[in-house]
Each structure stands twice: as C-alpha cells, then as structure tokens.
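Me: Please take one part of this predicted model and look at it closely, following it outward into its surroundings. I would like the cut-offs behind each term to be stated as you go.

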Amino acid sequence: NYTRCLWIKQRVRRTDTKGSYIGDNNEDLVENPINGKDEGGTLCVTYKTNEIGIRSLVQTIKDDDETYGDVSIVDALSYQASQKSSDGRRIAEIKRWRDSLLFSMIFSIPIVVIHMALMHVPTTNRWLHQKFIWHITIEEFLSWLLASPVQFVSGWKFHREAYYSLKSRHLGMSFLISMGTFAAYFYSIFVVIYNAARNSHDRLMNAFETSALLITFVILGKYLEAKAKARTSKAISKLASLAPENATLVGTLDETTGNETALSPEQVIALSMLQRNDILLVRPGEKIPTDGVIVSGSTSADESMITGESVPVSKHPGDSMIGGSINIEGSVRILVTVVGEDTTLAQIIKLVERAQQSKAPIQDFADWISARFVPTILFLSLLTYVIWAILLNTSALDHVKDTWPYRHEGLNDWTLPLLFAISALVIACPCALGLATPTAVMVGSGVGAKHGVLIKGGEALETSNKISAVVFDKTGTLTVGKPTVEDVLLLSDRCVTLSHAVDEVTRQEKSNVKALVTT
C-alpha cells in the first residue's frame with residue numbers, strides 16, 4: 001500500500017457585477033481566490049500500486065466533478081518531499097537561533113563593555129558609580145536594564161523547557177540553564193536593593209553579566225549545533241538530488257494482457273506522477289528517473305553513485321536500471337517497476353537517515369549520566385554554600401581570609417559562599433554531555449555519506465576507532481576513475497580535420513565521440 005496526498009483547487013463559475021453566473025461551459029470556470037489564496041483542500045489516499053496508479057486516481061477525481069481545478073501531488077513518503085520538508089525546518093531553526101543570538105548580543109555586549117572595560121577606567125568608573133535613582137548607581141541600573149531582555153526574552157525557551165521538565169520530574173539541561181541564570185539574575189536584584197537600602201560606599205557586586213552572557217553563549221552553541229546538522233543533511237540532499245524532477249512518458253503496459261499502449265506525442269510528467277508499468281524514454285546524458293527494466297534499446301550506465309565502480313555498465317533489453325544513475329550512450333525505453341520510497345535510491349537515503357538517528361553504545365551511558373547529572377549539580381551547589389559558610393563564619397580560616405580582598409569588593413562571609421554556589425551551578429550549565437555524542441554521530445555519518453561511505457548506525461561508527469586495516473574488494477574506488485585531458489597536440493593536417501569532426505559530433509550527441517575517436 002502507498003499513501004499520497006492530493007491538493008485539489010476548486011473552481012467556480014464566472015459572475016457578473018450583480019453576482020449572477022455567466023455561462024454553463026467548463027471554459028467559464030475560474031480559480032476561486034480567497035484573500036489572495038486559492039481555495040482548495042487536501043485529500044490523502046492510500047492505494048495499492050499494483051492495482052491502480054496515481055494518474056488514474058487524479059483523472060477519476062477530475063472527471064467526477066468539473067469544478068475541481070488543478071490537482072498537485074504531495075507525496076509525503078517520497079524522499080524528495082521529505083528532504084525538502086526537513087531542509088525547510090533546518091533553515092527555519094537556524095534562522096530562529098540566529099535571530100535569538102543577535103538579539104541577546106545587542107544587550108549582552110554593552111554589559112561586558114561596562115563591567116570589563118568602563119569600570120576599569122577612572123573617569124567612566126566615577127560616572128558609573130553616581131547615584132541615578134533611589135541610591136541605585138548608573139552601573140547597576142544599566143546592567144539591570146540590559147540583562148532583563150536577555151533573561152526573559154532570549155532565555156524564555158530554556159525557562160519553558162525547565163518548567164515542563166520539572167512538571168514531568170525529568171530534569172534536563174534546560175533546567176540547569178534556567179536555574180543558573182535565574183540564580184545569578186535574582187541574586188543581582190537582591191544586591192541592587194541591598195546596596196540601595198544601605199547606601200554605603202562599600203557595595204556588593206552584582207552578577208547581571210553572568211546571567212546574560214551564559215544565555216548568550218548557550219544560544220551560540222545551539223546556533224552552531226543547528227548549522228552543523230544542516231551541513232550534515234547536505235549529504236542526504238545530494239543523494240535526493242540524484243533523481244531528476246521529471247520523466248518522459250511514451251507509453252504504458254497492461255500487466256494482464258501484456259499489450260503496450262503508446263502515447264503520441266510523448267509527455268513530460270513530474271516524478272510524483274509516475275506509476276508502475278509506465279514506459280519511459282531516457283535519452284543519452286539523462287538521469288534514470290526511477291528503478292525499472294529496459295524494454296528496448298542498448299546503452300551503458302554510470303552506476304558509480306550506487307556501486308562506487310567508475311566503469312560504465314553495459315545495459316541491454318531485460319537488464320535492470322537504477323533510478324538516479326546516468327544513461328551514457330544510447331536512448332532506451334524503460335518499464336517502471338517501483339516508485340517512491342521503494343526505489344533503491346530511497347532505501348539508501350533511509351539507511352543514512354537511520355544511521356544519523358541511531359544511538360551509539362556510549363550515548364546510552366551519556367543519557368544515564370545526564371538523568372542523574374542535574375540533581376547531583378543542585379546538591380553540590382547547596383553543599384558548596386554550606387561548607388564555605390561554615391568555614392568563613394568560624395575560626396577555621398581566620399589566618400588567611402583577612403588577606404582576601406572580597407570585603408573590599410562588597411562581599412561578606414555570607415554572600416561570598418552564595419557567589420561560590422552560583423558559580424558551581426552556572427559552570428555546570430553547558431550541555432556538552434547531552435549533545436556531544438548525538439552530534440558526533442550525525443556529523444560523522446553525514447561526512448561519510450558525502451564521501452560515498454555509508455555507516456550503518458552509531459555502533460558501527462563507534463567501533464570504527466578500533467580499525468587497523470581496510471580491505472577494498474574492487475578497483476576504481478580509490479581513484480577518481482574519470483580521465484581528464486591534460487593537453488592536445490595536433491601533429492598533422494589530418495589531425496586538424498579530425499579535431500573539427502569531433503567538435504561537430506560533440507554538438508550533436510556527446511556519446512558518439514568515443515565511437516568516432518575509436519574509428
């Protein structure tokens with residue numbers, strides 16, 4: 001069984017200015033636009049390809065009601081359609097992360113400039129420490145103002161994921177990011193209010209730049225990850241592009257009687273409109289539209305995209321042809337045997353996709369660690385605060401803590417441990433543990449497919465690090481396999497005449513050049 005979705009446009013009769021219908025013929029039917037878009041609907045049909053074809057279905061629908069307009073095919077299961085859809089999603093994902101990164105950088109970079117540069121210049125330092133409103137300094141106000149959009153707009157995706165992970169009791173990396181940034185952000189708000197209430201010269205140091213920069217760096221990592229996935233998917237896109245978009249239909253074969261019905265003139269149809277028992281004409285230099293069997297004609301085909309063998313394979317009536325390979329020499333007529341996701345090329349694409357999505361054994365271990373990682377970090381962060389608070393508020397560190405400059409920076413024996421606890425929480429935020437392994441599998445298998453090496457899953461990719469020798473079982477796979485002309489030397493007038501003849505034949509049909517040169 002095979003499923004296709006048909007987008008059917010509706011047509012209505014022409015009307016005059018009073019709304020009355022004009023005419024009763026099919027010529028008076030026009031497409032019905034609503035708000036600039038054609039009105040229509042989608043019909044998904046599941047059918048048996050060995051009993052009925054897609055063109056027969058479309059024609060039956062159009063014959064059933066004359067108000068139906070153009071019918072376009074959306075083959076949701078075809079590798080071309082699925083690849084275009086996934087490419088569109090990846091482009092949209094890259095754009096979302098890029099826009100979010102640019103938005104967060106607009107606010108994060110000024111915070112960095114204030115804290116890392118202007119605060120160390122005497123003139124700007126004095127200006128930034130001036131009271132702006134209710135004993136809040138200009139530096140505190142600007143930092144608070146700039147960090148808020150990053151925290152609540154750019155970081156909203158992580159906060160939302162953290163909420164749902166907390167609700168499902170399965171804490172992930174987003175929860176850790178949300179916790180770390182909120183801890184730094186609300187600690188900084190507390191510092192601003194505390195400093196304003198005390199109105200003292202010694203002021204606690206805020207950490208607005210920590211929350212803003214953390215979210216910015218995580219978004220940068222997400223953006224780079226999305227771009228890496230997009231580059232990897234190009235290998236599959238190249239495989240999908242091997243098949244042509246159109247095919248030349250010259251007839252059909254009745255499977256019960258064995259009789260062939262010829263079409264005159266020939267028709268160029270979309271690949272999605274092909275059905276079993278179609279007879280296609282493939283000329284020299286064209287790609288084979290789909291898997292089939294030669295009915296008439298002889299040729300040679302370049303099947304290097306499947307076998308890796310650069311030498312063309314001779315094809316005669318009764319021989320099978322692989323969709324996506326290139327017809328080199330003669331024109332042939334091919335009987336379509338399979339369409340859509342059942343073709344050889346579609347199966348190869350599925351193999352690469354499954355390999356990219358499969359888990360390596362080490363990834364299961366990484367997932368096991370990740371599930372316990374967040375609670376462990378929360379416990380260690382709390383433990384950090386407790387231990388440092390005890391050490392600083394007892395006599396254990398009296399002989400050394402007086403030499404530490406934290407009191408001059410506005411910290412005390414209770415806020416310094418809090419800063420250490422927040423640091424432990426923030427440092428653990430990067431998602432390398434949860435992202436490195438699946439990204440490595442995806443990129444590794446994608447690069448392999450780009451170079452013609454199909455890796456069957458993450459387990460095979462992980463095992464490949466133990467390979468010490470590689471055995472190749474055929475010639476031509478280690479070289480380009482395509483001779484190139486380095487130079488042309490004409491040694492006599494006869495060679496000049498021969499050169500002109502070759503040029504003339506090349507313009508007519510490139511495949512005859514080999515025969516002429518041989519002669």
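**Strand β11 and its surroundings**

Reply: Strand β9 (residues 246-253) and strand β11 run antiparallel and are joined by three bridges, strands being DSSP E runs of at least two residues, and helices H or I runs of at least four, each numbered from the N terminus. The model is a predicted one, in which local features need pLDDT of at least 70 and side-chain atom pairs count only at pLDDT 80 or more, while totals for chains, interfaces and linings use all residues. Residues are numbered from 1 along each chain as its sequence is written, and side-chain values rest on heavy atoms, with hydrogens and water left out.

Within the ladder between β9 and β11, threonine 252 has aspartate 278 of β11 as its bridge partner. β11 is also joined to strand β17 (residues 332-336), here by four bridges and again in the antiparallel sense; in this ladder leucine 281 is matched with arginine 333 of β17. Strands are said to pair when DSSP finds at least two bridges between them.

Where does β11 stand in the order of the open sheet? Reading across the six strands, the order is β10-β9-β11-β17-β12-β15, with antiparallel pairing, which places β11 between β9 and β17. The edges are held by β10 (260-270) and β15 (320-321), each of which has a single partner strand, so one side of each is left without a neighbour in the sheet. At the β10 edge, seven bridges hold β9 and β10 in antiparallel pairing, and one position that can be followed there is leucine 253, whose bridge partner in β10 is glutamate 260.

The cover around β11 (residues 278-282) extends along its length, since five of its five residues are buried (under 20% relative accessible area, with exposed meaning over 50% and partly exposed lying in between, for a 1.4 Å probe and protein chains only). Taken face by face, Asp278, Leu280 and Val282 on one side are buried, and Ile279 and Leu281 on the other side are buried as well, so that both faces of the strand are covered. As background, buried residues make up 36% of the 519 residues in the protein chain, which has 16 helices and 17 strands.

Leaving β11 toward β12 (292-296), the chain enters a loop that holds arginine 283. Which side chain does arginine 283 meet in a salt bridge? It meets glutamate 266, at 2.9 Å from N to O, where a salt bridge requires a side-chain nitrogen of Lys or Arg within 4 Å of a carboxyl oxygen of Asp or Glu. Because glutamate 266 lies in strand β10 while arginine 283 lies in the loop after β11, the pair ties together parts that are 17 residues apart in sequence. Arginine 283 counts as partly exposed, at 32% relative accessibility, and glutamate 266 is likewise partly exposed, with a relative accessible area of 38%. In general terms, side chains of opposite charge can pair when their charged atoms come close.

The count of salt bridges comes to six, and two others give a useful comparison of setting. Glutamate 303 and lysine 315 meet through their side chains in a salt bridge of 2.9 Å, N to O; this pair also links distant parts of the chain, with glutamate 303 in the loop between β13 (299-302) and α8 (304-307) and lysine 315 in strand β14 (residues 313-315), twelve residues apart. Here, however, glutamate 303 and lysine 315 are both buried, whereas arginine 283 is partly exposed.

The other case is local in sequence: aspartate 99 forms a salt bridge with lysine 95, their closest N and O atoms being 3.1 Å apart. These two residues are four apart in helix α2, and are therefore separated by about one helical turn. Aspartate 99 is partly exposed at a relative accessible area of 33%, and lysine 95 is partly exposed too, at 44%. Both belong to a salt-bridge network that links Lys95, Arg98 and Asp99.

At the scale of the protein chain, links between separate stretches can also be counted through contacts (heavy atoms within 4.5 Å). Among those between residues at least 6 apart in sequence, 70% join residues at least 24 apart. To return to the part in question, β11 has both faces covered and is bridged to β9 and to β17, while the loop that follows it supplies arginine 283 for the link to β10.
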